[in-house]
Amino acid sequence: MSPKHGPRRARVAFSDAAADQLARLTIIETLALDRAIVALSTDPTLGTPIPDSVLRDYQDDDDSIRILFYVSALRTVIVVAYLEVG
Amino acid sequence: MNLHTVPNQHPSPPAALRAVARRRPGPGRSAQGVAPGVPAPLPWEDPSAMQESVMSEAAPQQPAPGRDPLSPEAAAAVRSYAGRERARTDELAAVLEDIAANGLPRPEDCTPWEELRDAHYRRLGVLDRDADVA
């Protein structure tokens with residue numbers, strides 16, 4: 001039987017600061033952010049590391065999105081600390 | 001080019017011009033009523049006029065040597081873009097400074113994306129109450 005889902009995706013959670021930023025987004029921006037988060041959740045190595053820290057800086061120029069995040073120690077949760085859309 | 005031969009950009013006005021300028025309204029006085037054809041106060045006679053030309057964002061600027069000047073509208077648009085970029089960078093820097101000072105936000109204290117997203121869509125009126133996206 002073929003698997004119902006693709007590769008296991010990490011859960012994504014937002015810090016309070018990032019949640020406040022989300023509240024300012026339009027529908028279109030939220031849809032674009034959703035696409036970026038799906039991409040991140042399937043490949044948390046996307047983006048570039050901020051040197052000497054666990055933080056990573058992901059930028060998607062097509063959707064004008066920037067996400068600052070880190071992956072939890074057990075690599076099960078992607079914590080979004082900051083976002084920009086548009 | 002020998003720099004010593006470059007003429008001064010703001011030469012001292014000839015004596016006749018100074019005499020004309022002295023008859024015109026000074027700083028803080030209305031220029032209305034001045035006969036048509038009389039030019040505006042000269043910068044060297046009117047310090048407030050010179051200050052305005054430096055301080056006002058809408059005033060056309062003297063292009064710097066080797067630069068092409070922008071229209072007032074284009075200059076305002078560029079300033080507006082600069083302001084947005086500055087605000088964006090300030091917000092990012094504030095988050096980074098907060099992490100540097102206080103540490104990383106704990107996953108257990110964060111809110112799952114799906115929960116936030118669906119609540120946001122409901123606020124925007126694109127998702128029925130009690131429904132979720134996926």
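Hi everyone, this is a short walk through a predicted model of two chains, A and B, and the sheet they share.

A word on conventions before we start. Residues are numbered from 1 along each chain as its sequence is written, with chains lettered from A and ligands numbered from 1 in the order in which they are written. As the model is predicted, local features need pLDDT of at least 70 and side-chain atom pairs count only at pLDDT 80 or more, while totals for chains, interfaces and linings use all residues.

Let's begin with chain B. Its secondary structure comes to four helices and one strand, where helices (H or I, at least four residues) and strands (E, at least two) are DSSP runs, numbered from the N terminus. The order from the N terminus on is α-α-α-β-α. Chain B has 134 residues, of which 6% count as buried. Here buried means that 20 or more other C-beta atoms lie within 10 Å of a residue's own, exposed means 12 or fewer, and partly exposed is in between, with C-beta atoms placed from the backbone. Take the contacts in chain B with a separation of 6 or more: residues 24 or more positions apart account for 10% of them. By contact I mean that the two C-beta atoms, placed from the backbone, lie within 7 Å.

Now, how many residues does each chain bring to the contact between them? Chain B gives 17 residues and chain A gives 21 residues. On the chain B side, helix H3 (72-102), strand E1 (111-112) and helix H4 (113-124) are the elements that give two or more residues. H4(B) supplies the largest share, six residues. By type, that side of chain B divides into 13 nonpolar, two polar and two charged residues. For the bookkeeping, Ala, Val, Leu, Ile, Met, Phe, Trp, Tyr, Cys and Pro are nonpolar, Asp, Glu, Lys and Arg are charged, and the others, Gly among them, are polar.

On to the sheet. Six strands form an open sheet with mixed pairing, in the order E2(A)-E3(A)-E4(A)-E5(A)-E1(A)-E1(B); two strands pair if DSSP finds at least two bridges between them. At the edges, pairing on one side only, are strand E2 (48-49) of chain A and E1 of chain B. The link across the chains is antiparallel: two bridges join strand E1 (residues 11-14) of chain A to E1(B), and A:Ala13 stands opposite B:Pro112. E1(A) also runs parallel to E5(A), with four bridges between them, and there A:Phe14 stands opposite A:Val80. Further along, five bridges join strand E3 (residues 56-60) of chain A to E4(A) in an antiparallel pair, with A:Gln59 opposite A:Arg66.

Let me pause on one residue, A:Ile65, in strand E4 (residues 65-71) of chain A. Is A:Ile65 buried or exposed? It is buried, because 21 other C-beta atoms lie within 10 Å. A:Val85 is 20 residues away in sequence, yet the two C-alpha atoms are 4.5 Å apart. Beyond the neighbours within four places in sequence, the contacts of A:Ile65 include A:Leu33, A:Ala36 and A:Val85.

That brings us to helix H2 (residues 27-42) of chain A, where A:Leu33, A:Ala36, A:Ile37 and A:Leu40 are buried. Why do they line one face of the helix? Seen down the axis, they fall within an arc of 105°, so they share that face; the arc is that of the directions from the helix axis to the C-beta atoms. On the other side of H2(A), A:Ile27 and A:Ile28 are exposed. The cover over the buried residues of H2(A) includes E1, E3, E4 and E5 of chain A, along with H4 of chain B.

H4(B) itself has B:Trp113, B:Leu116 and B:Arg117 buried. They cover an arc of only 95° around the axis, which puts them on the same side of H4(B). Among the elements covering them are E1 and H2 of chain A. After H4(B) comes B:Gly125, with a positive phi near 80°.

Finally, H3(B). It has 31 residues, and the number buried is one, so H3(B) lies largely in the open. From first C-alpha to last it reaches 44 Å, close to the 45 Å expected at 1.5 Å a residue, where the expected span is 1.5 Å times one less than the number of residues. B:Gly103 follows H3(B), and its phi is positive, near 100°.
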